[in-house]
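Open the model in your viewer and show it as a cartoon. The stops below can be selected by residue number.

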Amino acid sequence: MCTSFTVSVKDQQHYLSRTMDFSFLLEGQPIFMPRGFEWSSFNGEVHQNTYAFVGTGKKLEDYIFADGVNEKGVVAAELYYPNEADYATDSVAGQKNLAPHQFIMWLLGENSSIAEIKEKIGTITLVDCPVALLGITVPLHFIVTDSSGETITIETNQKQLILKDNPIGVMANSPNLEWHLQNLNQYASIKPTNNPSQKLGPLTLTPFGQGSGTFGLPGSYVSTDRFVRAAFLKYNMVTSTTMEETVNNIFHVLDSVTIPKGIDIKPDGEIDFTQYRVVMDSISSSYFLQLYESNRVYSVTIDAELLTNTTPIVYPVSKDMLFEKLEQSN
């Protein structure tokens, strides 16, 4: 599962947020990857990061990431794309061949903008290759934005990567982006203002209370409903000229698509839930992380000091709650 959306405040702030919804415990941590770091794709091809980035990931045989922001303001997240992802069966000569779970490393480590991604995307092939942590090839699609606020979705079709402009700046899971955008037409009447009273024969019909304009907004946790909710809320949320206030408001919107434990139980009994939520700022290259078990918000900013590091940094995070006991004042 997973839900992601962008938020722009004039030309001063551009964010990408996401929930990470999964049943298998990923136990990801914020990791800083330096410039010049070398890594190998599944078939031994060697890649070197041009740009430093920070995201939530895990060190297995190699580092893998689900999202992140780089020093140039490119921000990316991968989301589950079941029954739709279509990968090459073998490496393709003359291409950079990557496993799907390695694509974020390339997006963040080797690109300074969406314009550069558009130029290079034809050189990349995603190949059917399992991730060691899960033992399966993960079906994925991707949402990407940068410091200009432009947003794209990258999906696969007939074993090719397809780059699509994403005018709404929202992603969830299957089906594809075009289906989700067309589905929004069913909710054209949803609005943040209340419905007025109206006559029905001799009766005057009056809404029961506040929020009547949102009647019909879908409330389930299925992908198609989460997409609609995220789109409606992101365009009606209150923003601010300060990063702190806007990040706080984005986390509140993420509440609407955050899956509590016990709500989504798979056929094998495993519980799918939101393991973490992230807000990423493409202007300051800042990363904000909140774990399911904690009300803390952890942050990392790629500043000049951090860029001096030449080795990866894995940041420890704690699954604890902070409570402040109120004392009686005299």
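Two strands are said to pair if DSSP finds at least two bridges between them. This is a predicted model, and the tour has two stops.

**Stop 1: strand S13 and its partners**

Select residues 151-157, which form strand S13. Is this strand enclosed or open? Of its 7 residues, 6 are buried, so strand S13 is largely enclosed by the rest of the structure.

Next, add residues 140-145, strand S12. S12 and S13 pair in the antiparallel sense, over 4 bridges. To see one of the matched positions, pick Phe142 and find its bridge partner in S13, Ile154. The hairpin of these two strands has 5 residues between them. Click on Gly149 in this hairpin: its phi is positive, near 90°.

Now add residues 160-165, strand S14. S14 is joined to S13 by 6 bridges, and the two run antiparallel. Here Thr156 stands opposite Leu161 of S14. The hairpin of S13 and S14 has 2 residues between the strands. In this hairpin, Gln158 takes a positive phi near 50°.

**Stop 2: Ser240**

Move to the loop between helix H4 (223-234) and helix H5 (243-255), and select Ser240 there. Is Ser240 buried or exposed? Its relative accessibility is 11%, and buried means under 20%, so Ser240 counts as buried.

Show the side chain of Ser240: it reaches the backbone nitrogen of Thr242 at 3.0 Å. Finally, display what lies around Ser240 beyond its neighbours within four places in sequence: Ser240 is in contact with Val9, Gln13, Glu245 and Thr246.

Key
Residues are numbered from 1 along each chain as its sequence is written. This is a predicted model: local features need pLDDT of at least 70, side-chain atom pairs count only at pLDDT 80 or more; totals for chains, interfaces and linings use all residues. Side-chain values use heavy atoms; hydrogens and water are left out. Buried means under 20% relative accessible area, exposed over 50%, partly exposed in between (1.4 Å probe, protein chains only). A polar contact is a pair of N or O atoms within 3.5 Å; within protein, one must be able to donate a hydrogen and the other to accept it, and residues adjacent in sequence count only if both atoms are side-chain atoms. Contact means heavy atoms within 4.5 Å.
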